[in-house]
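Visitor: Hi, got a minute to walk through a structure with me? I'd like to ask a few quick things as we go.
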2 protein chains.
Amino acid sequence: MTVDMDSLTTAAPRTIRELNRTNGLDRNTSGLCRGFVQANLVMLPEADAFDFLRFCVQNPAACPILEVTAPGQWEPVLTAPGSDLRTDLARYEVYRHGELTECHNDIRDVVTDGMVSFLLGCSYTFEHLLFDAGLPIRQHEQGIAGAPMYITNRSCVPAGRFRGELVVTMRPIPSERVTEAVQLTAAHPEAHGAPICIGSPDALGITDLGHPAWGEAVALEDGDVAVFWACGVTATHVVRAAELECAITHSSGFMFVTDLPVIS
Amino acid sequence: MTVDMDSLTTAAPRTIRELNRTNGLDRNTSGLCRGFVQANLVMLPEADAFDFLRFCVQNPAACPILEVTAPGQWEPVLTAPGSDLRTDLARYEVYRHGELTECHNDIRDVVTDGMVSFLLGCSYTFEHLLFDAGLPIRQHEQGIAGAPMYITNRSCVPAGRFRGELVVTMRPIPSERVTEAVQLTAAHPEAHGAPICIGSPDALGITDLGHPAWGEAVALEDGDVAVFWACGVTATHVVRAAELECAITHSSGFMFVTDLPVIS
């Protein structure tokens, strides 16, 4: 099956999920399915689910909760009925005792009974809104799929074994349009909401924008300001540090596409 | 110790909690500690905590989460550091297998190891804002402590054993000021947010405003419209229906007063 970018941009979420299910698509979902909410996936053993849910509730900017499944339920009935979280993402990563041990494109044979799935908001959701408002998406202009991510000096509010620093994304925004970017994203707490810091990497303990912890560096153009949003990779970061027996996440940038429309 | 209403209205949350701790105050907290967030309390066995937290996340208008403690931790460190949830409310109710079995003003001998405490938002928080804007608080004018509560025909999104109908409060608002009431409360999702229905009890399956399920009926004056907000008693309603071995809640209207300021 051949798929072109234009059709992916306007594709229905179900189409993308079905392509992933048959391994017919293996790409970053930035820019796909415009108008629909995208999600980070975290799967954990039931015994760790309460503390992790508490962690998400306490750190809503980084980990906005879209849906939490019942133990052993693979269909997110509220956000994408009919889908299967074990097959409908392009790439998965498996962490055992904190170490990345495997990558898969189907985890039906990997999940264990009673695992709980968390779908958490993603900034890909609001990039559509910035784009529609005519704001430049510098990483796309520079041929880079996703915004660069940095580990900050800010501690999340801990819950049980889950603790660690806040991770942020950075997007260069022309200084005279930062207000628009704030207003557009503030209306979307389900996609990390408003920026948590504007213009000063130092304030977050970020010493070198040229070396993100994940993703590729994106250059600021003349007149751009670095704008930082809380990032769902915070979840992966603290889950990994918790050294659980087993945890499964999406691969960075290869998000789950829900049926929830972005309400602008 | 004597306490007058004027001093209670402007009292610090800590003062009210200390009065409760020494059983020096036994009153509904409506109107107390203006400017501070008040909370519903639900305490459950650890085994039920994940499903109940999932219930709250899925039903945020009724059950806005202010804090969830770690199992067996009685101090809500984020919302009222230094307090003790076992003593700092005026009245508690204990439900065993769904039946109200006891009322207490101190539950240090009642809680069991590993119980989890949930603090959920309360509309007493936003009544201050309505009052400050000059909107009439009809129940207070009519000598009634709290707004009347009704069980609706709307089902909450279930989670495990937790399922049931949405409970709402009703406040009569002059028709030309309903917009203000919507705008003021919409800015406070931590206190149930905007009304879920305006002007039509029938739409919620409420056939007789004269007979609330909890509290006393409040009369509409000429030109008033009945305005309905999601209510934290929804939590008590579904917890009771779940017939847990043991659950503890505040008594209706006798809320926990947090140190969180109401940001208007």
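Visitor: Let's start with the crossing of helix 4 of chain B and helix 6 of chain B: left-handed or right-handed?
Guide: Happy to help! The crossing of these two helices of chain B is right-handed. Keep in mind that this is a predicted model.

Visitor: Which residues make that contact in chain B?
Guide: From helix 4 of chain B, the contact uses B:F126, B:L129 and B:L130, and from helix 6 of chain B it uses B:A181, B:L184 and B:T185. Sorted by type, the residues of this contact are five nonpolar, one polar and no charged.

Visitor: And at what angle do the axes of helix 4 and helix 6 of chain B cross?
Guide: Roughly 135 degrees, with the axes coming within 10 Å. That angle makes helix 4 of chain B oblique to helix 6 of chain B, because only angles over 145 degrees count as roughly antiparallel.

Visitor: Switching to chain A, where do helix 4 and helix 6 meet?
Guide: In chain A, A:F126, A:L129 and A:L130 of helix 4 touch A:A181, A:L184 and A:T185 of helix 6. The residues of that contact are five nonpolar, one polar and no charged.

Visitor: What's the handedness of the crossing in chain A?
Guide: Helix 4 of chain A passes helix 6 of chain A in a right-handed crossing. For the geometry, residues 124-132 form helix 4 of chain A and residues 178-186 form helix 6 of chain A, and their axes cross at roughly 135 degrees. Helix 4 of chain A is therefore oblique to helix 6 of chain A.

Visitor: New topic: what rotation superposes chain B on chain A?
Guide: A rotation of 180 degrees, with 0.0 Å of shift along its axis, and the RMSD is 0.0 Å. The two copies are thus related as by a two-fold rotation axis.

Visitor: Which residue of chain B comes closest to the rotation axis?
Guide: That's B:F50, whose C-alpha lies at 2.4 Å from the axis.

Visitor: How many residues does each chain bring to the contact between them?
Guide: Chain B gives 15 residues and chain A gives 15 residues. The copies meet through the same surface, because 100% of the interface residues of chain B are also interface residues in chain A.

Visitor: What area is buried there?
Guide: About 1200 Å² between chain B and chain A, with carbon and sulfur atoms giving 81% of that. B:F50 turns up again here: together with B:R54 and B:V57 it supplies 44% of the area that chain B buries against chain A, more than any other three residues.

Notes:
Residues numbered from 1 in each chain as written. Chains lettered and ligands numbered in written order. Predicted model: local features only at pLDDT ≥ 70, side-chain atom pairs only at ≥ 80, totals over all residues. Heavy atoms only, no water. Axes fitted to C-alpha atoms, helices over the stretch in contact; angles between N-to-C directions. Helix = DSSP H or I, 4+ residues; strand = E, 2+ residues; numbered from the N terminus. Parallel < 35°, antiparallel > 145°, perpendicular 65-115°, else oblique. Left-handed = near helix turned anticlockwise from the far one by under 90°. Contact = heavy atoms within 4.5 Å. Nonpolar A, V, L, I, M, F, W, Y, C, P; charged D, E, K, R; others polar. Least-squares fit on C-alpha atoms with pLDDT ≥ 70 in both. Buried area = accessible area lost by both parts, 1.4 Å probe.
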